[in-house]
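Me: I want to go through some labels on this structure. For each one, I will ask what justifies it.

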Amino acid sequence: KRGGRCDRTIILNMESYKDISDELWKRVVLLVNSEQYLGHIHDKYPSESLLEHMRKVNEISCVLVERHFLNDTIDRLLVGVVENIEQQGTKERLVHFIKRLFVATGLCHDLGKVNVNFQVDRMLNTKYFKHRETLLQPPFGHSFLGAYLFICLFVSEIVENTDSLPD
């Protein structure tokens, strides 16, 4: 039952936002030639590399979650999402997986900035990149590519766990 002993056990066993973020960051930093990609430019300040920008955004999100005591709130909301699932093990795995997706959303929202046309058109990064023909619309967009890369980070995990989920 929701709010019962089982749900409290799930919440007690949940990893923190920061712990999940630290684990996922290790996968994101594997970007090949990461030093070539820009994540943010400004007229008055030096440009930030994509990984530096993502690291700063990630650190700020971790601080906000901690400062506003959001870990418990996130965990309670996620337990509510799976309240109708009867199998305790399945419920725990789903809550953990959904929390990882939640954390990764903030961590990875800028991954699509690896789009070459985004680098050229928006970051003015012509030192390493040249404009290319693309199917992306707009060609400099980074949202769709970012969503695709986000899914790629988790597709193997989804496939591995699909067989053990209820119908």
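Me: Where is Asp22 found, and what makes it partly exposed?
Reply: In this predicted model, Asp22 is found in helix 2, residues 17–28. Its relative accessibility is 33%. Partly exposed runs between 20% and 50%, so Asp22 gets that label.

Me: Why is the pair Arg100 and Glu23 called a salt bridge?
Reply: The closest N and O atoms are 3.2 Å apart. The cut-off is 4 Å, so the pair qualifies. The bridge links distant parts of the chain: Arg100 sits in helix 5 (residues 88–108) and Glu23 in helix 2, 77 residues apart.

Me: Which label does each partner get, buried or partly exposed, and why?
Reply: Arg100 has 5% relative accessibility. Buried means under 20%, so Arg100 is buried. Glu23 is at 30%. That lies between 20% and 50%, so Glu23 is partly exposed.

Me: How do you know that Asp75 and Lys99 form a salt bridge?
Reply: Their N to O distance is 2.7 Å. That is within 4 Å, so the rule is met. Asp75 belongs to helix 4 (residues 70–81) and Lys99 to helix 5, 24 residues apart. Both residues are buried.

Me: What makes Asp110 and Lys113 a salt bridge, and why are they called buried?
Reply: N to O is 3.5 Å, so the pair falls within 4 Å. Asp110 is at 5% and Lys113 at 8%. Each value is under 20%, so each residue is buried.

Me: How many salt bridges does this rule give?
Reply: The count comes to 7.

Terms used:
Residues numbered from 1 in each chain as written. Predicted model: local features only at pLDDT ≥ 70, side-chain atom pairs only at ≥ 80, totals over all residues. Heavy atoms only, no water. Helix = DSSP H or I, 4+ residues; strand = E, 2+ residues; numbered from the N terminus. Buried < 20%, exposed > 50% of the residue type's maximum accessible area, 1.4 Å probe, protein only. Salt bridge = Lys/Arg side-chain N within 4 Å of Asp/Glu carboxyl O.
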